[in-house]
Every structure is written in C-alpha cells, then in structure tokens.
Amino acid sequence: MTHEDYAKYWQTMKDFRDKFSAHRESGYNDPVHYFDIAHNVALHYVSWLEKYNTMPSLEMMVEQYQEELQPMIESFKVK
C-alpha cells in the first residue's frame with residue numbers, strides 16, 4: 001500500500017467516524033467500511049512498539065497486573 005493509498009483509506013475511515021459513528025450526521029448513508037486495513041495497521045504498530053520500545057510487551061504487562069486488574073475486568077462483563 002502506498003502512502004497515497006493509505007491517506008485515502010484513512011480519510012474514508014475518518015469520514016465514517018465523523019459522520020456516522022461519532023456524530024450521527026443526518027442522511028449519512030454510505031456503506032460501512034471494511035476494517036481489515038485498520039486492523040493490519042494496528043498489528044504493525046504493536047509489532048513496531050514491541051521491537052523498538054523499551055516498555056515490556058502487552059502480554060508481560062497483562063501477566064504482571066492480572067491479579068490487580070481482574071476485579072475491574074470482571075466488573076465490565078455483561079451479566
């Protein structure tokens with residue numbers, strides 16, 4: 001994907017967010033976009049963070065704070 005292709009994709013996703021998800025613009029009738037590219041971008045970003053950032057990986061953080069966070073996680077579950 002070229003930078004130009006990504007910029008176009010990003011703009012369509014931003015427009016969807018602005019006009020449908022965030023603000024519910026009256027009359028917005030464009031189709032919902034596929035999120036596969038956004039998902040791949042997020043995966044690459046996480047991979048980049050793990051490679052170049054000195055912070056521990058998300059898995060390590062979850063393991064480290066699992067006991068502390070478990071009550072909060074349980075409170076978010078739909079009962």
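Three salt bridges are counted in this predicted model. Glu4 pairs with Lys8. Lys14 pairs with Asp18. Arg17 also pairs with Asp18.

In the Glu4–Lys8 salt bridge, the closest N and O atoms are 3.5 Å apart. Both residues belong to helix α1, which spans residues 3-22. Glu4 and Lys8 are four residues apart, or about one turn of the helix. An α-helix has 3.6 residues a turn, so residues three or four places apart point the same way. Both ends of this pair are open to the surroundings by the accessibility criterion. Glu4 has a relative accessible area of 53% and is exposed. The corresponding value for Lys8 is 51%, and Lys8 is exposed as well. The cut-off for this class is over 50%, so both residues fall in it.

Further along α1, Lys14 and Asp18 are likewise separated by four residues, about one turn of the helix. Their closest N and O atoms lie 2.7 Å apart. Lys14 is partly exposed, at 27% relative accessible area. The side chain of Asp18 also meets that of Arg17, with an N to O distance of 2.6 Å. Arg17 is partly exposed, at 44% relative accessibility. Through shared partners, the salt bridges join Lys14, Arg17 and Asp18 into one network. Asp18 is a partner in both bridges of this network.

Asp18 is itself buried. The other buried residues of α1 are Tyr9, Met13 and Phe16. Helix α2 (36-52) is included in what covers the buried residues of α1. Phe16 also marks a change in the path of the helix: α1 bends there by about 25°. After α1 comes Arg24, whose phi is positive, near 50°.

A nonpolar patch is found on the surface. Its members are Tyr65, Leu69, Met72, Ile73 and Phe76. Together these residues have about 480 Å² of accessible area. Leu69, one of them, lies in helix α3, which covers residues 58-76. Leu69 has a relative accessible area of 32% and is partly exposed. Patch membership requires over 30% relative accessible area, so Leu69, at 32%, qualifies on this count.

Definitions and conventions
Residues are numbered from 1 along each chain as its sequence is written. This is a predicted model: local features need pLDDT of at least 70, side-chain atom pairs count only at pLDDT 80 or more; totals for chains, interfaces and linings use all residues. Side-chain values use heavy atoms; hydrogens and water are left out. Patches are made of residues with over 30% relative accessible area and no salt bridge: like charges are joined within 9 Å, nonpolar side chains (Val, Leu, Ile, Met, Phe, Trp, Tyr) within 5 Å. Accessible areas come from the Shrake-Rupley method with a 1.4 Å probe; for residues, only the protein chains shown count as cover. A salt bridge is a side-chain nitrogen of Lys or Arg within 4 Å of a carboxyl oxygen of Asp or Glu. Helices (H or I, at least four residues) and strands (E, at least two) are DSSP runs, numbered from the N terminus. Buried means under 20% relative accessible area, exposed over 50%, partly exposed in between (1.4 Å probe, protein chains only). The bend at a residue is the angle between axes fitted to the seven residues ending there and the seven starting there. Contact means heavy atoms within 4.5 Å.
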